[in-house]
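Trainee: Could you take me closely through how the helices pack in this model, and then through the cysteines and one residue of the interior?

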Amino acid sequence: MNSVPLPASSTGPAAAARPWFRSPLAGVLLLVFAAEFFLFDHYGSHRFTAIYPRWNDQIQYLGEAYSGYEYARAHGLAAALWHTLVNPSAQGTLHDVAANVVFAFTGPSRSAALALNLLALVAWQLALLVGVLRVGGGRALATAAAMLPLALAGPWNDIPGSAYDFRLDHLTMCALGVTSALALTTAGFRSRRGSLLFGAAVGLTLLTRFLTGTYFAVIFVALLVWILRGDERGRRATHLTLAALVAFLFAAPIFWINREWVWNYYYIGHYVGPESTIRSQHFGLVRSLAFVGGELADRHLGSFFLLLAGASMAALAVFRPAAGRGPGDHSPWVIGAVFLLAPALVLTLHQQKSEVVVSALVPGAILLVVALWLALAGRDRDTPRLRVGAALIALAAFAFFTLRQLAPGPDAGFIADNRKVAALAETLFTRARAAGLDHPAVAVDHITDCYDAQVIRTIVFERSKQWVHFEMTLPNGIAAPAEAEVFARLALSHFVFLTEDAPPGGFPFDIALTALRPRLRAWCEANLRAVDRFTLFGRRMVLYQRREIPFAAALP
């Protein structure tokens with residue numbers, strides 16, 4: 001491929017001489033980003049911060065962020081940031097580091113934690129703007145590209161892994177988005193500075209989620225193949241190697257610290273451990289491809305994004321200038337395809353299927369849309385017609401985002417059950433404190449995200465800002481436990497939630513404890529005291545506690 005000079009941006013010589021961040025565009029974007037943050041923080045995330053933190057992954061990561069804040073209170077912010085960075089982790093290490101930076105200014109809260117999700121998306125938007133400008137897309141198309149993430153369905157739905165869920169999936173998607181967009185600034189890895197910046201972004205993405213290492217192994221190989229098939233192979237391959245070295249220097253020390261955790265979680269847990277068999281859907285290749293492609297289209301991109309992308313490309317195809325094809329820079333096509341297909345390959349071949357992690361494919365899909373825009377726009381990317389079209393795309397994406405933030409909250413039934421969850425947490429907190437328990441132990445007879453120990457711990461901290469070390473004796477995993485272990489763990493528990501009547505859940509743990517229910521009830525009646533009966537999310541429950549714990553009034 002021949003090296004192609006990048007065209008001057010936007011509106012003639014005067015505009016070309018003035019960087020975008022010193023133009024009126026910068027002021028407009030600043031206002032747009034401020035509006036995004038206000039809508040998300042004041043309306044969108046507020047629907048979720050008002051209820052208990054659902055979905056077990058979120059509970060884990062919130063707990064790590066809040067415990068990091070407690071460490072900062074005891075040892076100072078700098079010590080806490082280092083502690084959270086090197087604290088052993090199986091999945092990633094930057095979420096609690098970033099959260100504690102925010103907490104230092106705002107105090108700890110789920111609202112502050114979720115704000116990180118929106119800030120990460122804004123960083124992706126800025127990277128798209130810069131990347132498209134760098135490949136000569138012009139300010140109109142660059143602005144439209146920056147608005148595309150707002151048109152996605154996944155971040156704004158009430159689902160695990162959305163922007164309303166503090167877990168690694170959304171942050172990883174945005175980190176991959178930033179990295180893929182910064183790859184455009186490398187000029188096909190002809191730019192040393194762009195390549196070094198790309199390498200730093202890769203390193204930070206690796207630290208955000210360790211699993212992305214499998215994606216980047218494929219991405220770097222694919223990029224090397226592309227480079228070796230083009231011109232300036234030596235220079236470009238050297239710059240790609242420098243990018244890989246920078247990424248290695250960023251991530252390798254943390255990977256080394258966590259090597260046993262990563263090995264146990266991913267290899268043992270995903271391939272040879274007992275839970276790997278339980279979680280494996282045993283899909284064949286065709287079914288795996290259909291799963292990954294379907295989840296990408298339906299859950300993460302969504303019908304509005306697909307409609308907007310399709311309509312914009314159709315309009316460009318019909319109304320593009322007579323000049324026809326634009327400059328022959330193929331890097332947006334290559335980078336978009338690589339960032340789409342590399343994670344798609346890994347997730348297709350992986351024996352465990354999760355619809356949540358498919359969000360890793362979204363940045364590549366967005367770059368392919370942008371690449372087609374650039375191809376259809378022609379050489380002159382500053383026509384009045386193109387500016388109007390780009391403005392309409394941006395407005396449509398922002399309108400979709402706004403409507404999603406203003407969506408109605410949970411129904412009255414869920415709100416009533418949410419109040420019960422909060423009351424349960426307050427009850428256990430009050431009784432544990434009255435009994436002088438430093439590590440109150442809680443057992444639940446099924447997998448739940450409502451009232452096991454880690455949920456109670458998180459709710460108590462969010463409501464009282466006191467970190468109480470609630471210990472989870474049961475559940476102890478999704479596999480069916482040994483009967484003797486169940487009763488041994490019951491004996492260690494201060495509080496036990498026992499189901500009175502409900503069908504067994506889907507996990508072997510739930511099924512095994514359903515079969516043991518009569519004996520569990522007999523043990524609790526003989527050794528503990530029943531203090532509360534309640535119905536929560538359709539399940540009738542009894543709360544037992546040790547007899548020596550002071551009795552408090554039952555739940556309303």
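Mentor: What follows takes two helix pairs in turn, then the cysteines, and then a single threonine. Please keep in mind throughout that this is a predicted model.

Let us begin with helix H2, which spans residues 24-44, and helix H18, which spans residues 384-405; their axes come within 9 Å and cross at roughly 20°. Since angles under 35 degrees count as roughly parallel, H2 and H18 are therefore roughly parallel to each other, and H2 passes H18 in a left-handed crossing. On the H2 side, the contact is made by Val 32, Ala 35, Glu 36, Leu 39, Phe 40, Tyr 43 and Gly 44, while H18 contributes Phe 398, Phe 401, Thr 402 and Gln 405. Sorted by class, the residues of this contact between H2 and H18 comprise 7 nonpolar, 3 polar and 1 charged.

The second pair is formed by helix H7, residues 110-134, and helix H8, residues 138-147, whose axes lie 8 Å apart and which pack at an angle of about 150°. Because angles over 145 degrees count as roughly antiparallel, H7 and H8 are therefore described as roughly antiparallel to each other, and the crossing in which H7 passes H8 is right-handed. From H7, the contact draws on Gln 125, Leu 128, Leu 129, Val 132 and Leu 133, and from H8 on a list including Gly 138, Arg 139, Leu 141, Ala 142 and Met 147. By class, the contact of H7 with H8 holds 9 nonpolar, 3 polar and 1 charged residues.

Turning to the cysteines, the count of disulfides comes to 0. Cys 450 takes part in no disulfide, and the nearest cysteine sulfur to its own, that of Cys 524, is 19 Å away, whereas a disulfide would need the two sulfur atoms within 2.5 Å. With a relative accessible area of 8%, Cys 450 is buried. Cys 524 is likewise in no disulfide, its nearest cysteine sulfur being that of Cys 450, and at 0% relative accessibility Cys 524 also counts as buried.

Finally, consider Thr 458, which is found in helix H20, residues 453-464. At 1% relative accessibility, Thr 458 counts as buried, the cut-off for that class being under 20%. Once its neighbours within four places in sequence are left aside, Thr 458 is in contact with Pro 53, Ile 59, Leu 62 and Tyr 66.

Terms used. Residues are numbered from 1 along each chain as its sequence is written. This is a predicted model: local features need pLDDT of at least 70, side-chain atom pairs count only at pLDDT 80 or more; totals for chains, interfaces and linings use all residues. Side-chain values use heavy atoms; hydrogens and water are left out. Axes are lines fitted to C-alpha atoms, for helices over the stretch in contact, and angles run from 0 to 180 degrees between N-to-C directions. Helices (H or I, at least four residues) and strands (E, at least two) are DSSP runs, numbered from the N terminus. Angles under 35 degrees count as roughly parallel, over 145 as roughly antiparallel, 65 to 115 as roughly perpendicular and the rest as oblique. A crossing is left-handed if the near helix is turned anticlockwise from the far one by less than a right angle, and right-handed if clockwise. Contact means heavy atoms within 4.5 Å. Ala, Val, Leu, Ile, Met, Phe, Trp, Tyr, Cys and Pro count as nonpolar, Asp, Glu, Lys and Arg as charged, and the others, Gly among them, as polar. Buried means under 20% relative accessible area, exposed over 50%, partly exposed in between (1.4 Å probe, protein chains only).
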